[in-house]
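Student: I'd like to learn how to read a two-chain model, starting with the contact and then moving on to a helix. Can you walk me through one?

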Amino acid sequence: MTAVLEVSDIRKRFGGITAVDGVSFDVQEGEILGLIGPNGCGKSTLFNCILGQLTPSGGEVKLDGRVVTGLRASELNRLGVSRTFQLLQVFPKLSVRENLILAGQEHQGHMMSRLFGPSDAGLTEAADRMIGFFKLDHLADEAAGGLSYGQQKLLDAAMAFMGGPRLVLLDEPAGGVNLTMLADLKERLAAINREKRATFVVIEHNMEFVMSLCSRVMVMAEGRVLTIGKPDEVRANPVVIEAYLGH
Amino acid sequence: MTAAGKYLRIAFGAIVIAALIVVPMNFNRYGLFILSQWAVMTIAAMGLNLTLGYAGQVSLAQGAFVGIGAYAAAIMTTQGMPLIAALGVATGLCFAVGWILGYPALRVQHHYLAFVTLAFWTLAFLVFRNEDWLTKGIYGISNIPRPNIFGFATNRPLPFYYVCLGSLGIVSVMVWWLIRSPWGRAFVALRENPIRALSLGIDTRRYTLMAFAIGSALGGVAGTLYAPLTQYIDPVPFNLSLSLDLLMMVIVGGAGFFFGPFLGAMIAVLLPEWLRFTQGYYLMLYAIAVILLLIYSPTGILGIVDRYLAERRTKMASALRAVAKSRLETAP
């Protein structure tokens with residue numbers, strides 16, 4: 001197995017606050033790594049540093065062995081790194097299908113071929129397959145803003161997969177999603193992981209979700225890595241229990 | 001959309017286009033001037049609609065680009081060069097300057113961006129007024145010739161109106177193509193959620209600059225037609241109120257709607273003329289009408305239509321669902 005993502009000694013300071021304080025880890029190809037920790041421990045900031053949405057104050061991020069620190073989010077995305085968001089981030093006025101076409105269109109051709117090529121960038125079929133895969137068929141032509149919260153969450157996840165990414169960072173995919181839909185979402189993620197060999201890093205507070213989906217779990221507290229290991233080891237680790245229950 | 005609805009739309013469009021061609025044949029010189037002005041301003045407003053309505057970038061510089069286009073056309077055609085050459089120069093120049101003006105938009109947004117573009121307008125206006133060697137300053141440039149198109153002289157008002165209308169037609173097709181292409185989708189993404197757009201691989205920087213450049217280039221196209229339309233230009237028509245008028249056309253018509261600028265320009269150019277019978281009150285009535293419209297529908301005239309259509313769609317969808325449900329329940 002080779003490491004898709006290698007993060008070494010990433011730091012991020014906001015003024016006097018150190019949100020991420022020297023985090024190092026790697027993610028193997030085809031792995032699902034869970035990332036847990038109390039609120040405010042720096043999980044989302046770490047994501048933003050990896051994804052180029054924030055510039056880290058120090059450290060290095062490697063994708064497939066190549067240093068990508070400091071690349072813009074759009075460039076990283078075209079290299080095969082995509083993400084979902086903690087808060088809903090779909091385009092409410094576009095239809096479900098349009099959202100998905102938008103999510104895939106920059107991954108093929110170049111600026112000029114996108115201007116003079118077909119309106120859907122040849123993605124209608126791919127979008128409809130993704131719609132079917134996430135069971136959103138009856139909603140394909142609805143404006144995304146009119147969907148329920150859980151459905152928008154599914155759409156958000158579906159958008160992350162449109163470009164055929166190698167690595168997907170999911171920020172609380174289960175937050176606010178009802179149980180039936182959650183089981184569905186987990187099944188979809190596991191299927192994509194299996195079939196496409198896509199690698200995931202998942203931030204999630206829902207322990208059941210994390211423990212059953214992930215092959216390894218990393219625990220963060222106060223900007224640092226507390227421990228990283230198999231779900232069972234992490235669950236039994238007294239340091240983790242301490243961090244969650246407070247001092 | 002149903003097939004019947006589609007044919008209805010095509011028929012309606014054909015009638016409007018035919019009317020725009022046939023009806024003005026009986027118009028007098030002044031009527032044709034106003035209608036030509038509507039076509040020219042629609043082109044400029046379409047440019048701004050692209051920058052503001054689709055890509056969400058505020059600009060108070062559109063009037064300056066119309067000015068740049070007009071001066072380019074005036075200077076070049078009075079030197080004996082053909083208007084089509086002036087069109088190329090004006091469009092290219094405005095595209096390049098618009099691209100550069102887009103850079104501040106990568107740093108600042110909304111009101112701050114409005115101020116930056118306002119500063120650019122000031123700069124352009126000072127050049128129009130003070131650089132006598134180039135623009136003849138406040139004396140203006142007169143005797144701007146109208147072009148010969150395929151050997152046909154367009155000196156008379158009606159042929160030149162057709163030049164304006166034809167240009168509007170060509171620009172409309174191009175803009176329509178642009179907004180239904182992936183670029184149009186990327187522009188909307190830029191307006192609605194730039195952070196999410198970035199995470200989907202959309203190069204927001206390049207698309208922002210493109211939105212500014214293309215919008216500005218259309219301002220230049222409008223200016224290139226404006227100069228031979230009035231046949232005399234000085235700095236006055238390109239003062240700040242032109243930028244504000246164009247902004248109003250976009251907002252009143254409906255920002256982010258393809259047909260918004262057509263309606264907005266109609267209101268801004270034609271309504272004051274229709275209200276002239278009220279003599280001294282016409283500007284006041286005009287202002288009140290615009291205020292009332294924006295209170296009733298902040299998304300402009302097409303916002304009202306859009307709201308109505310969305311409501312009808314929702315009603316139809318829920319009716320369909322109800323029918324489907326009752327069928328399920330009565331099924332054996």
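Tutor: Sure. Keep in mind that this is a predicted model. Begin by seeing what each side brings to the contact: 25 residues come from chain A and 17 residues from chain B.

Student: Which elements of chain A each supply at least two residues of the side that touches chain B?

Tutor: Those are α2 (73-78), β6 (81-83), α3 (96-105) and α4 (111-116) of chain A. With five residues, α3(A) gives the most to that side.

Student: And how do the residues on that side of chain A divide by character?

Tutor: Eleven are nonpolar, eight polar and six charged.

Student: Now chain B. How many helices and strands does its secondary structure come to?

Tutor: Chain B has 14 helices and two strands. For overall shape, check the radius of gyration against a globule rule: a compact globule of 332 residues would have a value near 20 Å, and the 22 Å of chain B agrees. The C-alpha trace spans about 85 × 50 × 45 Å along its principal axes. Buried residues account for 44% of chain B.

Student: Okay, one helix. How do I read α2 of chain B?

Tutor: Compare its end-to-end reach with the expected span. Helix α2(B), residues 29-54, has 26 residues and reaches 36 Å from first C-alpha to last, close to the 38 Å expected.

Student: Where does α2(B) bend?

Tutor: At B:L48, by about 30 degrees.

Student: Is α2(B) mostly covered or mostly open?

Tutor: Mostly covered, with 21 of its 26 residues buried. Just after α2(B), B:G56 takes a positive phi of about 75 degrees.

Technical notes
Residues numbered from 1 in each chain as written. Chains lettered and ligands numbered in written order. Predicted model: local features only at pLDDT ≥ 70, side-chain atom pairs only at ≥ 80, totals over all residues. Helix = DSSP H or I, 4+ residues; strand = E, 2+ residues; numbered from the N terminus. Expected span 1.5 Å × (residues − 1). Bend = angle between axes of the 7 residues up to and from the residue. Buried ≥ 20, exposed ≤ 12 C-beta atoms within 10 Å, placed from the backbone. Contact = placed C-beta atoms within 7 Å. Nonpolar A, V, L, I, M, F, W, Y, C, P; charged D, E, K, R; others polar. Rg over C-alpha atoms; globule rule 2.2 N^0.38 Å.
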